[in-house]
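Hi everyone, thanks for coming. I'd like to walk you through one structure today, so have a look at the screen.

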Amino acid sequence: MGNIAAMLMIKPSQLARLTSAVADAAHQVAPYRSSLAAFAALYGVIAAPLALSESGPSSWPAITITLGALLAALSAVDARTFRLPNSMTTALLVSGLAVAWTGGMDLLQWRAASAAAGGLVLAAFAAGYLRLRGRDGLGFGDAKLLAGAGAWVGMEALSEVLLIACASAVAVIGFKAVRGEPIHLHSRLAFGPCIATGLWIVWLYGER
């Protein structure tokens, strides 16, 4: 984190806009406070090793906390409703591009292209699955979420995000099976929290 701190320092006006986005997310997630608390705790545990290192919270830019809050809110809503609100995925995308803008136009253009690529990949998969199977297998909200991930970490890291997301999904299915819940082809799984977990881990620990 320390080697990118300078790039991630943002102006007060930008921070105000991001804070407003987080406030809007908090309003939408209000009915799901218990889920929000659970995901906030999960992401806190994931960040704990970094928090205890030399580049701990005192040196973290505010943007990382903003990202964590947005991801926890998105995860909480999707886990309870199987829906990712447009306003929240848009906030993730815009805030990621705002961070990229502080690193210069070249970085902004690359992250914008990364966002488009991430969104199109999952959107194409969702459309193809719907056409072949006649039912939804992946929501278009997930595509928007991966687009936001592309804006934050770039196209080069999206494969890692997806790999962690798929591993997280397998872990969730395994946990449900251990609990005795029926698992079949039509079982519903909120994939948004899995993508969010992948993005959070890559953001915290990925190479930059």
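I'll go from the overall picture to a few helices and residues.

Okay, one thing up front: what you're looking at is a predicted model. So how confident is the predictor in this chain? The average pLDDT is 84, and 81% of the residues score at least 70. That confidence isn't spread evenly, though. The lowest mean is in helix α1, residues 5–8, at 38, while the highest is in α9, at 96. Over residues 1–10 the pLDDT is below 50, and that stretch has 24 contacts in the model beyond its near neighbours in sequence. Please keep in mind that where pLDDT is low, the predicted coordinates should not be read in detail.

Now the overall build. How many helices and how many strands does the chain have? There are nine helices and zero strands. If you read along the sequence, you just get α-α-α-α-α-α-α-α-α. The chain has 208 residues, and 42% of them count as buried. And if you take the contacts with a separation of 6 or more, 78% of those come from residues 24 or more positions apart.

Let's zoom in on helix α4, which runs from residue 62 to 81. Start with its packing against α9, residues 192–205. The two axes are 8 Å apart, at an angle of about 165°. Anything over 145 degrees counts as roughly antiparallel, and therefore that's what we call α4 and α9. Their crossing is left-handed. Who is touching whom? On the α4 side you have Ile63, Thr64, Leu67, Gly68, Leu71, Ser75, Asp78 and Ala79, and they meet Gly192, Pro193, Ala196, Leu199, Trp200, Trp203 and Leu204 in α9. Sorted by class, that contact has ten nonpolar, four polar and one charged residues.

One of the α4 residues there deserves a closer look: serine 75. Is it buried or exposed? Serine 75 counts as buried, because its relative accessibility is 0% and the cut-off is under 20%. Leaving out residues up to four places away in sequence, serine 75 touches Phe39, Tyr43, Pro193 and Ala196.

Next up, α4 with α5. These axes come within 10 Å and cross at roughly 160°, so α4 is roughly antiparallel to α5. This crossing is left-handed. From α4, the contact uses Ile63, Leu67, Leu70, Leu71, Ala73, Leu74 and Val77; from α5, it uses Met88, Thr89, Ala91, Leu92, Ser95 and Val99. That divides into eleven nonpolar, two polar and no charged residues.

Let me pick one residue from the α5 side. Methionine 88 sits in helix α5, and with a relative accessible area of 1% it is buried. Where does it lie relative to glycine 141? The two are 53 residues apart along the chain, and their C-alpha atoms are separated by 10.0 Å.

Last stop: the loop between α4 and α5, where you'll find phenylalanine 82. Phenylalanine 82 has a positive phi of about 55°, although it is not a glycine. Its relative accessible area is 34%, so phenylalanine 82 counts as partly exposed.

That's my tour. Happy to take questions!

Terms used. Residues numbered from 1 in each chain as written. Predicted model: local features only at pLDDT ≥ 70, side-chain atom pairs only at ≥ 80, totals over all residues. Heavy atoms only, no water. Axes fitted to C-alpha atoms, helices over the stretch in contact; angles between N-to-C directions. Helix = DSSP H or I, 4+ residues; strand = E, 2+ residues; numbered from the N terminus. Parallel < 35°, antiparallel > 145°, perpendicular 65-115°, else oblique. Left-handed = near helix turned anticlockwise from the far one by under 90°. Contact = heavy atoms within 4.5 Å. Nonpolar A, V, L, I, M, F, W, Y, C, P; charged D, E, K, R; others polar. Buried < 20%, exposed > 50% of the residue type's maximum accessible area, 1.4 Å probe, protein only. pLDDT = per-residue confidence, 0-100.
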